[in-house]
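Here's a protein chain to look over together. Have a look first, and then we'll go through it as questions and answers.

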Amino acid sequence: MEFGLTLFTSDRGIRPTTAAVAAESAGFSAFYVPEHTHIPVRREAAHPGTGGAELPDERYCRTLDPWVSLAAVASVTTTIRLGTAVAIPVESDPITLAKTIASVDHLSDGRAVLGVGYGWNLDEMADHGVPPGRRRTMLREYLEAMRALWREDEAEYHGQFVDFGPSWAWPKTARPSGPRTLVGAAGNEKNFRWICRSADGWMTTPISEDIAGSVRRLRGLWREAGREGEPYIVVLDGKPIPEKIEMYRELGVHELVYGTPDKPEEEVLAYIERLAGKLGLQAVG
């Protein structure tokens, strides 16, 4: 089992390059950042954590572009995987987004990881023209279309939300099917069936419960769907409790990911060092 960090990037506080270098040096295997293009001031959609219009963190309004952040991180790191927790692809043009992700993957020598969400903030997505009841269909088409661009020399795709004829697009991603795609969502059967059809694995949410039971259900549905291997599991953990970590290890979780505090740079760097020590990670170099 490996360990990763997630940084809620913003235009204040520690820069993603600084945090990622520290994470890689401390022995972490993955570094994740979130995405919000904007936050409408007036919203009807409830945040899943607060249950209402209140946001749990001011950084939701100040989030850096994830792929610009990860491109910057790619230039100062060499081994740590670079992912999103999570991106919202349907808020971008799929052809342009495919180019952006492939470019980050190319420049990082295949280290990109695509964590995606359906999007809880329906008001934000409405500003991008996303029909609330078709979010899953739209995301599926985006992923299928981007994979065609990443895989085929002459790619084309014809769907309801994405439609383009034979096209050339380089660079290609290191994996022919594109970066590993993880869906960050609640652990229910509807989401798991979607993952079995359209993704490579599951990323829990910060409020996920009964993760052990959810992992077993996902693996069962994975086998029923005829998928080879097993789904890749990333758990967003809270505190590094040894007994819980061992439980996840026995469960076969692939990664445990920990959030960084909203503190000044030196405090975040000290936290990363302490966390690495608690997890028994070996410093690199």
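Q: Where does proline 171 lie in the chain?
A: Before we start, keep in mind that this is a predicted model. Proline 171 sits in the loop between strand E6 (163–167) and strand E7 (180–184).

Q: What kind of peptide bond joins tryptophan 170 and proline 171?
A: That bond is cis, with an omega of about 5 degrees.

Q: Which kind of peptide bond runs from alanine 85 to valine 86, and where does valine 86 lie?
A: The bond is cis, and omega is near -10 degrees. Valine 86 belongs to the loop between strand E3 (81–84) and helix H3 (94–107).

Q: How many helices and strands does the protein chain have?
A: Nine helices and 10 strands.

Q: Why can we say that the radius of gyration of the protein chain agrees with a compact globule?
A: Set the value against the rule: with 285 residues, a compact globule would come out near 19 Å, and this chain has 18 Å, so the two agree. As for its extent, the C-alpha trace spans about 50 × 40 × 40 Å along its principal axes.

Q: What share of the 285 residues in the protein chain is buried?
A: Buried residues make up 51%. To count here, a residue needs a relative accessible area under 20%.

Q: What share of the contacts in the protein chain, counting those with a separation of 6 or more, comes from residues 24 or more positions apart?
A: Such pairs account for 68% of those contacts.

Q: How much accessible surface does the protein chain have, and what part belongs to carbon and sulfur atoms?
A: It comes to about 13400 Å², and 50% of that belongs to carbon and sulfur atoms.

Q: How far apart are the mean positions of the positive and negative charges of the protein chain?
A: They are 3 Å apart, taken over 32 positive and 40 negative charges.

Q: How many disulfides does a search of the whole structure find?
A: Zero. In case the word is new, a disulfide is a covalent bond between the sulfur atoms of two cysteines.

Q: Why is cysteine 61 called exposed?
A: Exposed means over 50% relative accessible area. Cysteine 61 has 54%, so it earns the label.

Q: And what makes cysteine 196 buried?
A: Its relative accessible area is 6%. The cut-off for buried is under 20%, so cysteine 196 counts as buried.

Q: What is notable about the phi of aspartate 109, and where is this residue found?
A: Its phi is positive, about 60 degrees, although aspartate 109 is not a glycine. You'll find it in the loop between H3 and strand E4 (112–116).

Q: How do you know whether aspartate 109 is buried or exposed?
A: Check the number: aspartate 109 has a relative accessible area of 70%. Over 50% means exposed, so that's what we call aspartate 109.

Q: Why is aspartate 210 called partly exposed?
A: Its relative accessible area is 49%. That value falls between the 20% and 50% cut-offs, so aspartate 210 is partly exposed. Aspartate 210 also has a positive phi, about 45 degrees, without being a glycine. Its place is the loop between strand E8 (201–203) and helix H7 (211–224).

Q: What makes proline 264 partly exposed?
A: Proline 264 has 47% relative accessibility, so it gets that label. This proline is in the loop between strand E10 (255–259) and helix H9 (265–279). Along the sequence, proline 264 and isoleucine 14 are 250 residues apart, yet their C-alpha atoms are 6.5 Å apart in space.

Q: How do you know that serine 214 is buried?
A: At 1% relative accessibility, serine 214 counts as buried, since the label needs a value under 20%. Serine 214 is in helix H7. Not counting residues up to four places away in sequence, it touches Gly187, Phe192, Trp202 and Glu209.

Q: Why does tryptophan 222 count as buried?
A: Its relative accessibility is 2%, so tryptophan 222 is buried. Tryptophan 222 also lies in helix H7. Leaving aside neighbours within four places in sequence, its contacts include Ile195, Cys196 and Pro231.

Key. Residues are numbered from 1 along each chain as its sequence is written. This is a predicted model: local features need pLDDT of at least 70, side-chain atom pairs count only at pLDDT 80 or more; totals for chains, interfaces and linings use all residues. Side-chain values use heavy atoms; hydrogens and water are left out. Helices (H or I, at least four residues) and strands (E, at least two) are DSSP runs, numbered from the N terminus. The radius of gyration is taken over C-alpha atoms; the globule rule is 2.2 Å times the number of residues to the power 0.38. Buried means under 20% relative accessible area, exposed over 50%, partly exposed in between (1.4 Å probe, protein chains only). Contact means heavy atoms within 4.5 Å. Accessible areas come from the Shrake-Rupley method with a 1.4 Å probe; for residues, only the protein chains shown count as cover. Lys and Arg count as positive and Asp and Glu as negative; His and the chain ends are not counted. The place of a charge is taken as NZ of Lys, CZ of Arg, CG of Asp or CD of Glu. A disulfide is a pair of cysteine sulfur atoms within 2.5 Å.
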